[in-house]
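This report looks at a packing between helices of two chains, then at one of those chains as a whole, and last at a single residue.

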Amino acid sequence: MSDPCVLIVDDEPAIRRLLRTSLGAQSWRTMEAETGTSGLEQARQGRADIMLLDLGLPDMDGMEVIRRLRGGGSSLPIVVLSVREDERGKVAALELGADDYVTKPFSMAELVARLRTALRHGLQKEGTTPVFTSGDLSVDLVRRHIFRDGQEIRLSPREWDIMRLLVQHAGRVLTHRHILGQLWGAGGDVQQLRVYIRQIRQKLEADPERPAHIVTETGIGYRLVVTDP
Amino acid sequence: MDDRTDRPDPDALLRQTEKLTGTRQRGHLKIFLGAAPGVGKTFEMLTVAHQMARDGSDVVVGLVETHDRPETAALLEGLESVPRRAVPYRGQVLWEMDLDAILARHPRIVLVDELAHTNVPGSRHPKRWMDVEELLEAGIDVLSTVNIQHLESLNDVVASITHVRVRETVPDIVLNRADEIELIDLTPTDLLQRMRDGKIYAPQTAGRAILHYFSPGNLTALRELALRQTAQQVDAQLVDHMKANAIAGPWAAGERIMVCLTLQDRDASLLRYAKRLADRFHAPWIVLHVETNRDIGNDARAGMAARMHLAQSMGAETVTIPGQDVAADALAYARTHNVTQIIAGRPTPLPWLDWVFPWAWRSTTGQLIQSDGQIPIHVVRAASDDEAELGAARPRAKRSIGPFLSGSGIIAMALGVAMALRQGLAVNNVSLVFLTGILWVAVANGLWPSLWASVLAMLCFNFFFLPPLYTFTIVAPDNVVALVFFSATSVIASHLGARVRSQAVVARHRAEITEALYQFSRKLAGIVTMDELLWTTCHQIATMLDMNAVILLPGGDALHVTASYIPGEALGPSDLAAATWAWRHDRTAGRDSDNLPGARRLFVPLRTGHGPVAVIGLDADRSGPLLDPEQQRLLDALGDQAAVAIERITLAEDLDRARLHAETEKLRGALLTSISHDLRTPLASILGAASSLDSYDALLSAGDRHDLITTIRDEAERLNRFVANLLDMTRLEAGGLAPRKEQVDVGEVVGSALARAARMLVRHTVTLQIDRDLPLLLLDDVLLEQALFNLLDNAAKYTPPGTRIEIDVARADGRLHICLRDEGPGLPVQDPDRVFSKFARLHAADRSRPGTGLGLAIARGFIEAMGGTIGAGNRHGRSGAEFMISFPLTEEKAP
């Protein structure tokens, strides 16, 4: 596989220059767009493997870019760049079909990790690896086994469902609404979900108060952290 | 209506609830009731106060009269007293209770002796019980004392027992609303003994008092009255309790008493009788006045208003309805309102008139008695010594002589016509000529002139036409008959004509009022601004009521005159106090009212369902009562319309304010987003570059590294500029910007600003032209450089790379001009100056350029702080913007 190509959609020349330099140094190829319109145009050409999208664009809202892109049937992975306070904007972007988000200001290593995760997901959408491992955790989705430090952990059926969903989207943030919608249909509420997550953490985490695997994205949802073993 | 159901009576429940819960807001009133002076009311009150003080209550003496009784005075020891207020009155100094001081002290309980006391003219309220009302309304509990003879409804009875009419009265409603009444009872023998011992009055006074007022018979009768009153009060409370708890009881159900009050009933005994009757039946009572077109004359109206007021103070519901036939209308009202007993005044003092001229003279009472057999009617005779009591009540006809002269003239004309026709006319037909004249007078001038004309005509007819001519004697019997019939006919004609006239007058008057009200409401509907509305209202009230009007609206803590009929009218302190009182208490205050009657104007709150919205002040140059009942009704109607309109406009203004507020909030949100964006974007670049250098150092080429470091430096500078801008703006907004002026070479400052901006302008060409021999100016170089820098920053952002920026510094017209031109797209044509407003970019929804739009606003702030001006426009002949800074050169001469 050739080097992945990132389409950077941001109106700030300084940010574009920074990304170009930093990503280029790690042999990513970059394309740049200053406006939403030009971003959409370049995305349709199909040369980009992933889009890094700033939500505040001069000509249109970043949300609109996601909406049009997904509306046009594109499955191009999208990572959104946004400011911290805008939780609702992040949730909306994720629900519109963005794959992940990075909060400004960001560290380059984190950005690169997110880009990789999103990219991997874009490639893996059809089949999931049957066994997921991350740190001391290993989850066998087919046999429904879950081990921590080689010790099997027992989960209730509902807990397992949540865990499976997180594993299937490992490394990505899942919004509350998304998890609820997948597992409870219309009937669930966030409070219920929090209780389950706490139970899973009790069994899974070395220190449930400071989880290393299932982290909380405040105001948005949960993320299963992927750490290379 | 059936009161015998077992459901709790809502009214009674409400009264009970008010008594139970309402005491929180309204103070608790306890009255010590005595049969006569000296029974020990004040003594008892003070004893109770001491007990309360011992229990830890906050008790204060508002006013206690000791009457130099040592026992009482001794009891004042150890209680906190609010000092009395000195009121100068007719060369004397009177010491009155200091209501405001008590309200300010706001004790839990206050002692106020002698509820019936009349305050010195000029006090806030004419009567002390009104002061007490205000204390209660302020939530202060009051202990007070009163003697039975001061009770309004017992006034007649007491007068008939003691032969002394008490002038100081307390309305029954005050006693009825008291939460507690304690009867201080002392047998007449004991009281007389105390009196003889000199414990009540000084010995010589006591002797006189025993002879007159304090006779054993009087005291026994008064004691009985007091006992009965207390029993009645207890009874009423019991009935309330039983009704509220749906206990089936023996109370008289469904009694309703109605007083039919006419202008002839000039004394209050009718009302007092009704009150006593109503009390006995525990029945509600209504005082009805049917206002007819005959009730003309301000004095009569004022008297009626006074009696209606009295009735209200005794607890009656007062109703005035317009009508023609008093008896029929009153009966109709009685039937529709389930009245069970009617009370009417005794017929006219000359009852025979009823029978002689039934169509003209028959009294309302007579008609009432004859027309209905269903409702029992009480006929009450006026007490003769009551005449003076409601002094204003006597309608004294102040007739001008004009109508009589014109009546005489018309009869003279009729005489002339009759003389001219006497040859061809039978004597009996001559009378028709006179009758025509009389009718004319009746229609033109009313009843009395036409009766006068009848007499004149009769005399003329006799003198000139009935033989023997030119004498007043009549010989022929048939002529006597003719004269008698002529007289009768002319009186009837006078009466009918006058009635037609007064009906026409009243009808026209009513039609005018209706029309005016209609026009007013239409006018109000079309008004959208408060000023116009208030002025229109003021004008309308002033012209319709023929008096001066001012309207006050609340603003901040106080009321302000917002419209006045006479422009620029201001209120004196007493008027303002009355207006404020009216506003706070939502009741009428000032002239002619019970509250602060010393004010020059009468203040009436304009209220809607949500409480008062404004206060209107009225005054007129004429003396006497300001408003008669009809004007009162008119004022109510006008006031209601105006109040609704004021509320409508206030609501509209509130809505606008809310909209503005929402707009501001939106702007604030946008500002926050923008600032956070502007702060974070450079930070993101800096952090990103730094972390990149940190994490991937090995992967980066030398050029990459340089790139990242440049990014860090540029963005840090940008951040610094932005923070500086924010700080500058804050300084400007806070008003704390004090330029430190010194002699400055403007060219040098321009140069340094350019040098600072050099990095931003690397892709632009800058040309600089500075006049030689420019004087030094007294300026703050730091501020000027910042302003210029912001202009350059702006130019760099908004003009494409490769274009030229020109700077000219020149003197012209005694000023120094710094002109900065660019070759960019230019400014919005319609309002180029707007670029200087704060966050101008936000309004334009323009996010394509970095920056919050503070730079130019700051530039303007700085330049203006130094006494200069700054303007913006578009260049002529080519695209591009032009900014012009200018300073006066007068500073040149400064040493």
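## Helix packing between chains A and B

In this predicted model, helix H1 (residues 13-25) of chain A and helix H24 (residues 702-734) of chain B have axes that come within 10 Å and cross at roughly 155°. Because angles over 145 degrees count as roughly antiparallel, H1(A) and H24(B) are roughly antiparallel to each other. The crossing of H1(A) and H24(B) is left-handed.

On the side of H1(A), the contact is made by A:Ala14, A:Arg17, A:Leu18, A:Thr21, A:Ser22 and A:Ala25, while H24(B) contributes B:Asp704, B:Asp707, B:Leu708, B:Thr710, B:Thr711, B:Asp714 and B:Glu715. By residue class, the contact of H1(A) with H24(B) divides into 4 nonpolar, 4 polar and 5 charged residues.

## Chain A as a whole

Chain A has 8 helices and 12 strands, and buried residues make up 51% of its 229 residues. Among the contacts in chain A between residues at least 6 apart in sequence, 57% join residues at least 24 apart. The area that chain A exposes is about 10600 Å², of which carbon and sulfur atoms supply 46%.

## The setting of B:Gln540

B:Gln540 is placed in helix H21 (residues 530-545) of chain B. With a relative accessible area of 8%, B:Gln540 falls under the 20% limit that defines a buried residue, and is therefore buried. When its neighbours within four places in sequence are left aside, B:Gln540 is in contact with B:Ala516, B:Phe520, B:Lys523 and B:Leu638.

Terms used
Residues are numbered from 1 along each chain as its sequence is written. Chains are lettered from A and ligands numbered from 1 in the order in which they are written. This is a predicted model: local features need pLDDT of at least 70, side-chain atom pairs count only at pLDDT 80 or more; totals for chains, interfaces and linings use all residues. Side-chain values use heavy atoms; hydrogens and water are left out. Axes are lines fitted to C-alpha atoms, for helices over the stretch in contact, and angles run from 0 to 180 degrees between N-to-C directions. Helices (H or I, at least four residues) and strands (E, at least two) are DSSP runs, numbered from the N terminus. Angles under 35 degrees count as roughly parallel, over 145 as roughly antiparallel, 65 to 115 as roughly perpendicular and the rest as oblique. A crossing is left-handed if the near helix is turned anticlockwise from the far one by less than a right angle, and right-handed if clockwise. Contact means heavy atoms within 4.5 Å. Ala, Val, Leu, Ile, Met, Phe, Trp, Tyr, Cys and Pro count as nonpolar, Asp, Glu, Lys and Arg as charged, and the others, Gly among them, as polar. Buried means under 20% relative accessible area, exposed over 50%, partly exposed in between (1.4 Å probe, protein chains only). Accessible areas come from the Shrake-Rupley method with a 1.4 Å probe; for residues, only the protein chains shown count as cover.
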